[in-house]
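Please find below some notes on the model you sent round. They begin with one strand pairing and work outward to the sheet, the helices and the ligand.

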Amino acid sequence: MTGLLEYFEKNPETSVVIFAGKGGLGKTTCSAALSYYMATVQQRRVLCFSTDPQASLSDIFERDLFGKGEIEIVPNLFVVEIDADKRIKEYQEEVKRKILDMYKLDKLPEEVEEYIESASAEPAMYESATYDAMAELVARGEYDLYVFDMPPFGHGVRMVAMAEILAKWVDKITEAREEARKYEAVAATLRGKRVEEDELLKELLEIKKKMSFFTELLTDSRKTAFFMVLVPEKMAILDTERALEMFEALGIRMSGVVVNQVYPRELLDDPKTPEFLRNKVVSQQKYLEEIKEKFGKYIVAVIPAFDREPKGFEMLKLVSEHLMKSRIEL
Ligand SMILES: Nc1ncnc2c1ncn2[C@@H]1O[C@H](COP(=O)(O)OP(=O)(O)OP(=O)(O)O)[C@@H](O)[C@H]1O
Ligand SMILES: [Mg+2]
């Protein structure tokens, strides 16, 4: 348990890091701290990404970043907070425009309009928009390290499962289009016309290329690290166990567990420690034992509980010291 620095030394090809876990345990805090460290101490070009509608990166970096694109907040550290709703809207507009162009219409038929609206309201649409935004950034390849701060739903693991479903879906459509094109080609030859380039098919293949590149990257444990963040509490332990099972089922290696918000045991030796804090330390000790037993070999870092919310560069620097070079012994 010597911190993430050792992980990066042993896995020098790592270019994507994803912190996953239950809500409110420290994913955003760890994402921000790692990004800050890598950019300032190791001078890597880092992109820290989130789609949290709560704008939590804006909050932790103390700057309004929501929906504003990639912003360099300190040299080498770029932060992007995607406004997923806006992205879905833009995507909707694009689909509508394409249909109008393709069929040379002035106005969309009402059913089509309704269909597009209702498809966009599905939660899967939100996830695809997120996934698409991530895939696009990575495909551009302008950064050394991508840190994805995941929303609390699922475990961030679900995203990989979804990627595979998406890829299959695009496969199916591509196949269907290719079939259709063959027949169109035959029909066109019979009529003595030239076949027009299938714009839609070209686009589908592009999407597929981008997505399979990203999925391959995410499932390559030399390049992508998944860390689960947990705290010494019952529910967080259960959740991490479930996540481990999911990772296994998907054939993905979980890179490690970060134990956050730990009260140092030494507080018990100090007679000035107030009673409620003493109780907290005692209760945590029990769960820490359980964590050691269940995830011992996965634990990569231990971060103490601070007396205030870690926000701003000064605090992030402090968090990153613990995240990168953990000194707390469990
Ligand atoms: N080690 C710590 N000491 C004190 N406060 C902490 C610590 N780690 C995180 N916090 C605080 O706990 C809250 C939750 O942390 P954070 O936002 O990083 O969690 P999250 O997993 O990203 O949550 P969500 O699932 O809602 O996105 C924040 O207010 C944060 O400032
Ligand atoms: Mg968060």
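1. In this predicted model, Met-228 stands opposite Val-257 in S7. The strand on the other side of that pairing is S6 (residues 224–230), which runs parallel to S7 over four bridges, and further along the pair Leu-230 has Val-259 as its bridge partner. Two strands are said to pair here if DSSP finds at least two bridges between them, and the elements themselves are DSSP runs numbered from the N terminus, helices being H or I runs of at least four residues and strands E runs of at least two.

2. Before going further, a word on conventions: residues are numbered from 1 along each chain as its sequence is written, while chains are lettered from A and ligands numbered from 1 in the order in which they are written. Because the model is predicted, local features need pLDDT of at least 70 and side-chain atom pairs count only at pLDDT 80 or more, whereas totals for chains, interfaces and linings use all residues.

3. S6 also pairs with strand S1 (residues 16–20), again in the parallel sense and over five bridges, with Phe-226 of S6 as the bridge partner of Ile-18. Seven of the seven residues of S6 are buried, a residue being buried if 20 or more other C-beta atoms, placed from the backbone, lie within 10 Å of its own, exposed if 12 or fewer do, and partly exposed in between. In a regular strand the side chains alternate between the two faces of the sheet. Both faces of S6 are covered, with Thr-224, Phe-226, Met-228 and Leu-230 buried on one side and Ala-225, Phe-227 and Val-229 buried on the other.

4. The wider sheet is open and consists of eight strands in the order S3-S4-S2-S5-S1-S6-S7-S8, with mixed pairing. Its edge strands, each pairing on one side only, are S3 (71–74) and S8 (299–304), and the twist averages 25 degrees from one strand to the next.

5. Helix H11 (residues 312–324) lies across S7 and S8 and runs at about 150 degrees to S8; such angles run from 0 to 180 degrees between N-to-C directions, and axes are lines fitted to C-alpha atoms, for helices over the stretch in contact. The axes of H2 and H11 come within 8 Å and cross at roughly 90 degrees, and the two helices are therefore roughly perpendicular to each other, a term that covers angles of 65 to 115 degrees. Residues of this contact (C-beta atoms within 7 Å) include Thr-29 and Cys-30 of H2 and Phe-313 and Leu-316 of H11. They divide into 11 nonpolar, two polar and one charged, where Ala, Val, Leu, Ile, Met, Phe, Trp, Tyr, Cys and Pro count as nonpolar, Asp, Glu, Lys and Arg as charged, and the others, Gly among them, as polar.

6. Ligand 1 is surrounded by 17 residues, the closest being Lys-27, Thr-28, Thr-29, Pro-152 and Glu-309; a residue belongs here if its C-beta atom, placed from the backbone, lies within 6 Å of the molecule. Helix H2 (27–40) and strand S7 (256–262) are the elements that give two or more residues to this shell, and the largest share, three residues, comes from H2. By class, the shell has six nonpolar, eight polar and three charged residues.

How values were computed. Two residues are in contact if their C-beta atoms, placed from the backbone, lie within 7 Å. Angles under 35 degrees count as roughly parallel, over 145 as roughly antiparallel, 65 to 115 as roughly perpendicular and the rest as oblique.
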